[in-house]
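Colleague: Could you pull up the model, please? I'd like to talk through the fold before I go back to the bench.

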Amino acid sequence: MKRQKLLLSILTAAVVFTSCQKEDETIAAESPVNAISSQEEKLSKENLDNITRLHFNDKGAKVTDFLLPDGSIEEAILLEGDILMSTSQLNNMSAQDITSKQYRTYNLVSSPKTINVIGFTANSSQGLTDKQKSALQRAITNYNSLNIGINFTLTFGTNYQPYDIVVYQNSNGEAGGVAGFPANGNPYKYVQIFSGMESYSTATNEHVLTHEIGHSVGLRHTDWYSRQSCGQSGESAGSDGAVHIPGTPTGYDSNSIMLACFSANEDGNFGYYDEVALNYLY
């Protein structure tokens, strides 16, 4: 079976996908994107050293422009195809020894907490499509069905500033999405889904949004150490920068929604150990 994969993107304040047919081809969840902006700059040695310290994959890491819902642009660092961070967050994140696989960051959401989410519906290229709105409703249901210490409300509209998370579209034609890690006990505010996802099923869109919201509440890629889901053989990950979640596997978990890449016919639901991880954290 031919497998072709797409990448996810995440913004870190506190980490995009296409679809596949099982018989024919699988599209990677995170697409090595030039999906944020065409403007790119080289990273400083200090930033590269911090990326290595935290054991993010530094291949393809770059400074890029990030689109906000109102159409304005902010500078960010793009890591692993679907993780966006500010320079200050990169510099301030903690590194710790690790021994195993399913991972979080030290940046978590304070709990118990109600996280208020708005799906952005402006009559612009940033507004969600009907399919994306349905997928977002399903993604929020995924989290609320866990009955953990964080729960989510969802509304749709354009006045996004008062909300904890705003979900909106980037009309770049790519497949996937982007989000970020928590900061100061709050989830990362901005979650993008890319306009190319309109070609894929509602369930695959649900998968992308559930994944990106996972980043926003502190989850890293399950296979950050190898990127096995993307068809890569892996690189030496060292022993820093991610925190193992007790009760989750020490090997590759092919069912995790937090894998770096995914196929187009995902069902959009958490894997068993994703639920274990979130119940442990919250």
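Modeller: What follows is a walk through the sheet, the cores and some individual residues. This is a predicted model in which local features need pLDDT of at least 70 and side-chain atom pairs count only at pLDDT 80 or more, while totals for chains, interfaces and linings use all residues. Residues are numbered from 1 along each chain as its sequence is written, and side-chain values use heavy atoms, with hydrogens and water left out.

Colleague: How many helices and strands does the protein chain have?

Modeller: The protein chain comes to 5 helices and 14 strands, where helices (H or I, at least four residues) and strands (E, at least two) are DSSP runs numbered from the N terminus.

Colleague: What is the strand order in the open sheet?

Modeller: The order is β9-β8-β10-β12-β11, with mixed pairing, and two strands count as paired if DSSP finds at least two bridges between them. The edge strands, each pairing on one side only, are β9 and β11.

Colleague: And in which sense do β8 and β9 pair?

Modeller: β8 and β9 are parallel over 8 bridges, with Asn151 in β9 as the bridge partner of Thr114. β8 is also parallel to β10, over 3 bridges, and there Gly119 stands opposite Val167. β11 and β12, by contrast, pair in the antiparallel sense over 2 bridges, and Gly177 has Ile193 in β12 as its bridge partner.

Colleague: Which strands does α3 lie across?

Modeller: α3 lies across β8, β9, β10 and β12 and runs at about 165° to β9, the angle being taken between N-to-C directions on a scale from 0 to 180 degrees, with axes fitted to C-alpha atoms and, for helices, over the stretch in contact. Together, β8, α3 and β9 make a right-handed β-α-β unit, meaning that, with the strands pointing away from the viewer, the path from the first strand over the helix to the second runs clockwise.

Colleague: Switching to the interior, which residues have the most contacts inside the largest nonpolar core?

Modeller: Phe152 and Leu278 do, in a core of 36 residues; such a core is a set of buried Ala, Val, Leu, Ile, Met, Phe, Trp, Tyr and Cys residues joined through side-chain atoms within 4.5 Å. The largest share of this core, 5 residues, comes from α3. Leu278 touches residues including Tyr143, Ile148 and Phe270 (contact means heavy atoms within 4.5 Å).

Colleague: Is Gln132 buried or exposed?

Modeller: Gln132, which lies in helix α3, is buried because its relative accessible area is 0%, and buried means under 20%, exposed over 50% and partly exposed in between, with a 1.4 Å probe and protein chains only. Its contacts beyond four places in sequence include Gln169, Ile193, Glu198 and Asn205. Gln132 and Ile193 are 61 residues apart in sequence but 8.0 Å apart in space, C-alpha to C-alpha.

Colleague: Last topic, backbone oddities: what kind of peptide bond joins Ser111 and Pro112?

Modeller: That bond is cis, with omega about 0°, and Pro112 is in the loop between β7 and β8. Asn147 has a positive phi, near 55°, and lies in the loop between α3 and β9. Asn184 also has a positive phi, near 55°, in the loop between β11 and β12. Most residues other than glycine have a negative phi, and most peptide bonds are trans.

Colleague: Why does Asn184 count as exposed?

Modeller: Asn184 counts as exposed because its relative accessibility is 79%, and Asn147 is exposed too, at 68%.
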